[in-house]
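Biologist: I am new to this structure and would like a close look at one part of it. Please take me through the salt bridges, pair by pair.

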Amino acid sequence: MAAWGCVAALGAARGLCWRAARAAAGLQGRPARRCYAVGPAQSPPTFGFLLDIDGVLVRGHRVIPAALKAFRRLVNSQGQLRVPVVFVTNAGNILQHSKAQELSALLGCEVDADQVILSHSPMKLFSEYHEKRMLVSGQGPVMENAQGLGFRNVVTVDELRMAFPLLDMVDLERRLKTTRFLMEQSTSSPVRAFSLTCASSVENQNPLPRNDFPRIEGVLLLGEPVRWETSLQLIMDVLLSNGSPGAGLATPPYPHLPVLASNMDLLWMAEAKMPRFGHGTFLLCLETIYQKVTGKELRYEGLMGKPSILTYQYAEDLIRRQAERRGWAAPIRKLYAVGDNPMSDVYGANLFHQYLQKATHDGAPELGAGGTRQQQPSASQSCISILVCTGVYNPRNPQSTEPVLGGGEPPFHGHRDLCFSPGLMEASHVVNDVNEAVQLVFRKEGWALE
């Protein structure tokens, strides 16, 4: 039962479990080939792959050679996938269809957008916030991503900074100095025009109060921003002022405005020898600042991306739909999750496996109440974790997740709201790379190694 307590804790953060229950409703060189096509298959599979991207298929913008070998096994002579495959990444600073195009070019076979799950993809399920005015943080096409998720009234951190030019004060070069500076920066944009209303008194350090900027009703954290100090400051301003950063409040409200966040990865692997900061590091900064300033804990209405159960349920649903499009009548009973990060990929897969085992033996576990949609029964019975050594995990690296010398526990790199269970970080299988992972699965399933 103690281990199952972790399942409820990871399914969502601070009262989010009911949303997890709703989730199941519902390089360059060779020309791209289509990875699947509608029509009957000669050997209907009963298993599918959930593939991480960074550290498994690519390192930065370079494809890992083993990934090309793996897809030569996964794709048949007609250029169709032999089994359903979904790419599950905690990246979020890119459009879904752009990520699919990127993978198509790197892997040499066409990947459709509906085969790609970004860290924030499950936010499509949070329809109760889609009409609210939300501040969005991240980089890249944050506005397009937010709108693609269903949020129709979004303001970016840059727009908020333009509307309230006295809030961003860390970088001396970006501090507002004179009315002339403000006039030079203005354009016909309504958001930038907002800032002119308080410009006349900036030189006297007595800006006019802002009453014309619509109140913000929540915060979306889609991925790590570029200027962390600006995003941290303005998000704190919004939370402490209850959505009206120009006014300020004597006593910060609590509970604060709703916060939806994706991608809890503390670290991720690119071309550098050591892991890089991920969005989980940014969340840690925000949580620490909020705790220090208010004495209270920052709470999330939604916390998704691997290792949350919500993300894996979402992935399972895409696997099912993909199999249906191929005309594969046999249900997908086994999922094989291949990743390079013990904390996100292995932990999440093992946690989802526990969830599926519980559902198989005792019925779907109760993860909370309040959902407006019924959970579709899961056809999958297991989720097997496979850890590769081409990314974050490296058994020869002294900074890996192996136990430290002296028998002590390794540092916990998971999110604050996760229930830490060391056993969930132990992969069912450890292989060198994704090609070995595919061969392992095919042998276990009795499939030919084409």
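Modeller: What follows goes through three pairs in turn and then a network. The model is a predicted one. Side chains of opposite charge can pair when their charged atoms come close. In this model the count comes to 14 salt bridges.

One of them joins Lys99 and Glu102, with 3.1 Å from N to O. Both residues sit in helix α4 (residues 96–107), and because they are 3 residues apart there, about one helical turn separates them. Lys99 counts as buried, since its relative accessibility is 7% and the cut-off for buried is under 20%. Glu102, at 23%, is partly exposed.

Another salt bridge is formed by the side chains of Arg325 and Asp114, at 3.5 Å from N to O. This pair links distant parts of the chain, 211 residues apart: Arg325 belongs to helix α11 (residues 309–326), while Asp114 lies in the loop between α4 and β5 (116–117). Arg325 is partly exposed at 27% relative accessibility, and Asp114 is partly exposed at 33%.

In a third case, Arg152 pairs with Glu131, and their closest N and O atoms are 2.7 Å apart. Here too the pair links distant parts of the chain, with the two positions 21 residues apart: Arg152 is in the loop between α5 (142–148) and β7 (153–156), and Glu131 is in the loop between β5 and β6 (133–137). Arg152 is exposed, with a relative accessible area of 58%, and Glu131 is exposed at 55%.

Finally, Asp317, Arg320, Arg321 and Glu324 are joined into one network by salt bridges that share partners.

Notes: Residues are numbered from 1 along each chain as its sequence is written. This is a predicted model: local features need pLDDT of at least 70, side-chain atom pairs count only at pLDDT 80 or more; totals for chains, interfaces and linings use all residues. Side-chain values use heavy atoms; hydrogens and water are left out. A salt bridge is a side-chain nitrogen of Lys or Arg within 4 Å of a carboxyl oxygen of Asp or Glu. Helices (H or I, at least four residues) and strands (E, at least two) are DSSP runs, numbered from the N terminus. Buried means under 20% relative accessible area, exposed over 50%, partly exposed in between (1.4 Å probe, protein chains only).
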